[in-house]
Amino acid sequence: MYNLLKGKKGIILGALDSKSIAWKVAERAHEEGAIFVLSNAPVALRLGTITELAEKTGSEIIAADATSIMDLEDLVDGAIKILGGKIDFVLHSIGMSVNVRRGNHYTHQDYNFTKTGFDVSALSFHRLMSVLYQRDAMNEWGSIVALSYMAAQRVFPDYNDMADNKAYLESVARSFGYFFGRDKKVRVNTISQSPTPTTAGSGVKGFDGFIAYAEKMSPLGNATALECADYTISLFSDLTKKVTLQNLFHDGGFSNMGVSTAIMEDFIKHHQPEPEKVSEASKKQDKK
Ligand SMILES: NC(=O)c1ccc[n+]([C@@H]2O[C@H](COP(=O)([O-])OP(=O)(O)OC[C@H]3O[C@@H](n4cnc5c(N)ncnc54)[C@H](O)[C@@H]3O)[C@@H](O)[C@H]2O)c1
């Protein structure tokens, strides 16, 4: 490995199990020489396998519900104490929609669920940065990253209210990133990641079809969780000091595609017009 994070201290929020993107980031950060604190919601600590990751990376775990400002304050204070100084990098890898979980259609949301999902997935990023900013917890040239998805810009019908949460998340990265850059020399970015088979990802309706579609559409294929971790490490490293206020697509090229030959070939194979219909249509064309 490259020792890209040697001597750096971090907080990684959102590792649930070995499929989690945050899990891979923690493993890679450890390999690159960082020390960090792991955090997740108290219920996730009970259901997931984060202690295994903590042992593997020599990290401590601090439980924090990302909807609670007090929990986040305790997390940041605790991390500074455990790590012996201010923080160089923070990963927000948190997302959850109750409407998606309960199968509510986008057009028929339960707005209490919508509020909860927004609180967990989007407002939590503002709240976390607010605690870090007010406590002056970040070292200069530190880096804060949150994970997003392209439904923030384009329509993916089954992504449901998470699309709106991601739009807010990306906006907050820019707005808060301005103050963090100006006042603390800290950068803030979001990574817009390919569909990835994790607990949160697989919960989206039609995920299997969608991940296969994205794979065929992207010239480089879908980016894996490990590849996302590699990209995240580069953003935590000193090699990207002036990258800030960005939403960075990490999707094998998907976001700039219109259509790929693989998708067209599949479409034609399954939607070949019947011969009679073709000849009727061409007759009509001929008459014109
Ligand atoms: N998997 C994908 O296809 C995909 C694609 C693009 C972006 N993302 C984003 O990546 C991030 C990580 O998701 P993942 O795919 O690794 O799935 P994951 O299910 O492993 O991670 C989601 C995490 O959010 C945590 N969380 C939920 N409620 C919380 C709360 N109240 N407080 C603190 N933590 C809470 C969960 O415990 C879990 O660890 C999310 O922001 C997700 O939207 C995922």
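**A guided tour of the chain and its ligand**

Begin with the whole protein chain in cartoon view, where the secondary structure comes to 12 helices and 7 strands (DSSP runs numbered from the N terminus, with at least four residues of H or I for a helix and at least two of E for a strand). This is a predicted model, in which local features need pLDDT of at least 70 and side-chain atom pairs count only at pLDDT 80 or more, while totals for chains, interfaces and linings use all residues. Residues are numbered from 1 along each chain as its sequence is written, and side-chain values use heavy atoms, with hydrogens and water left out.

Still with the whole chain selected, note that the C-alpha trace spans about 80 × 45 × 40 Å along its principal axes. Of the 288 residues, 48% are buried (under 20% relative accessible area, with exposed meaning over 50% and partly exposed in between, using a 1.4 Å probe and protein chains only).

Next, select serine 121, which lies in helix H6, residues 111–134. Serine 121 counts as buried because its relative accessibility is 1%. Its side chain reaches the backbone oxygen of methionine 96 at 2.9 Å, a polar contact (a pair of N or O atoms within 3.5 Å; within protein, one must be able to donate a hydrogen and the other to accept it, and residues adjacent in sequence count only if both atoms are side-chain atoms). If residues up to four places away in sequence are set aside, serine 121 touches, among others, His92, Ile94, Met162 and Asn165, where contact means heavy atoms within 4.5 Å.

Move then to isoleucine 233 in helix H10, residues 225–236, which counts as buried because its relative accessibility is also 1%. Show alanine 26 as well: the two residues are 207 residues apart in sequence and 9.4 Å apart in space, C-alpha to C-alpha. Beyond its neighbours within four places in sequence, isoleucine 233 is in contact with Leu4, Leu5, Val25, Arg28, Ala29 and Glu32.

Finally, select the ligand and the 28 residues around it, of which Gly14, Ser20, Asn40, Thr196 and Thr198 come nearest (a residue is near a molecule if one of its heavy atoms lies within 4 Å of it). A polar side-chain atom of asparagine 40 lies 2.8 Å from an oxygen atom of the ligand, and a polar backbone atom of isoleucine 94 is 3.1 Å from a ligand oxygen atom. For lysine 166, an N or O atom in the side chain is 2.8 Å from an oxygen atom of the ligand. Taken alone the ligand exposes 830 Å², and the protein buries 92% of that (accessible areas by the Shrake-Rupley method with a 1.4 Å probe; for residues, only the protein chains shown count as cover).
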